[in-house]
Amino acid sequence: MNQTFGRVIRQARKDKGYSQRELAKLIEVDYTYLSKLENDHAAYPPSKEVIRLLVRYLDLAEREEELIYLAGRITADDERIFQELVKQNYKQMPALFRMWRDNPHSVQKLLEEPIQPENEEKES
């Protein structure tokens, strides 16, 4: 079963013994929004602050980066790298995004290929 943001936080909430209302109060959101997050039906992703509070109250520090991605957000470091790439390759970015959307397996292949260190690449 694939992990989703909702499944991770629902299980962690239950493991900690919180009701949805109790956890919603701690993270300062309406409990109906927390319910939608847990069911992966929220109309918008949680803010970075809500994710940070969930990580704090559910003891998910080691999974914080995973939760950010599962929520549909990127880390601050990734955001900086992404902005640099867009600026450097602004003409190719729309085609890259369309290719990724239309053929996600092509990107998956790139991720699975072993990466040669630069020194080895120059020698061969």
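R10, R13 and E38 are joined to one another in a network of salt bridges. This network offers a starting point for a walk through the structure, which is a predicted model. Across the whole structure, a search finds 9 salt bridges.

One of these pairs connects distant parts of the chain. The side chains of K48 and E79 meet in a salt bridge, with 3.2 Å from N to O. K48 lies in helix α4 (residues 48-57) and E79 in helix α6, so that the two partners stand 31 residues apart. K48 is partly exposed, with a relative accessible area of 40%, and E79 is also partly exposed, at 32%.

Helix α6 holds a further salt bridge, between the side chains of E84 and R80. Here the N to O distance is 2.9 Å. Because E84 and R80 are 4 residues apart in helix α6, about one helical turn separates them. E84 counts as partly exposed at 38% relative accessibility, and R80 counts as partly exposed at 42%.

Another pair is formed by R63 and E66, whose side chains meet in a salt bridge of 2.8 Å, N to O. R63 is partly exposed, with a relative accessible area of 25%, while E66 has a relative accessibility of 31% and is likewise partly exposed.

The path now turns to the loop between α5 (64-70) and α6 (76-88), where T75 has its place. T75 has a relative accessible area of 12% and is therefore buried, since the term buried applies under 20%. Leaving aside residues up to four places away in sequence, T75 touches E65, I68 and Y69.

Y69 leads on to the surface, as this residue belongs to a nonpolar patch there. The other members of the patch are I74, F82, L96, F97, M99 and W100. Together, the residues of the patch have about 630 Å² of accessible area. Helix α7 (residues 93-102) supplies the largest share of the patch, with 4 residues. F82, by contrast, has its place in helix α6. With a relative accessible area of 36%, F82 is partly exposed, because that value falls between the 20% limit for buried and the 50% limit for exposed residues.

Helix α6 thus recurs along this path: E79 of the pair with K48 lies in this helix, E84 and R80 are both found there, and F82 of the nonpolar patch has its place there.

Terms used
Residues are numbered from 1 along each chain as its sequence is written. This is a predicted model: local features need pLDDT of at least 70, side-chain atom pairs count only at pLDDT 80 or more; totals for chains, interfaces and linings use all residues. Side-chain values use heavy atoms; hydrogens and water are left out. Helices (H or I, at least four residues) and strands (E, at least two) are DSSP runs, numbered from the N terminus. Buried means under 20% relative accessible area, exposed over 50%, partly exposed in between (1.4 Å probe, protein chains only). Contact means heavy atoms within 4.5 Å. Patches are made of residues with over 30% relative accessible area and no salt bridge: like charges are joined within 9 Å, nonpolar side chains (Val, Leu, Ile, Met, Phe, Trp, Tyr) within 5 Å. Accessible areas come from the Shrake-Rupley method with a 1.4 Å probe; for residues, only the protein chains shown count as cover. A salt bridge is a side-chain nitrogen of Lys or Arg within 4 Å of a carboxyl oxygen of Asp or Glu.
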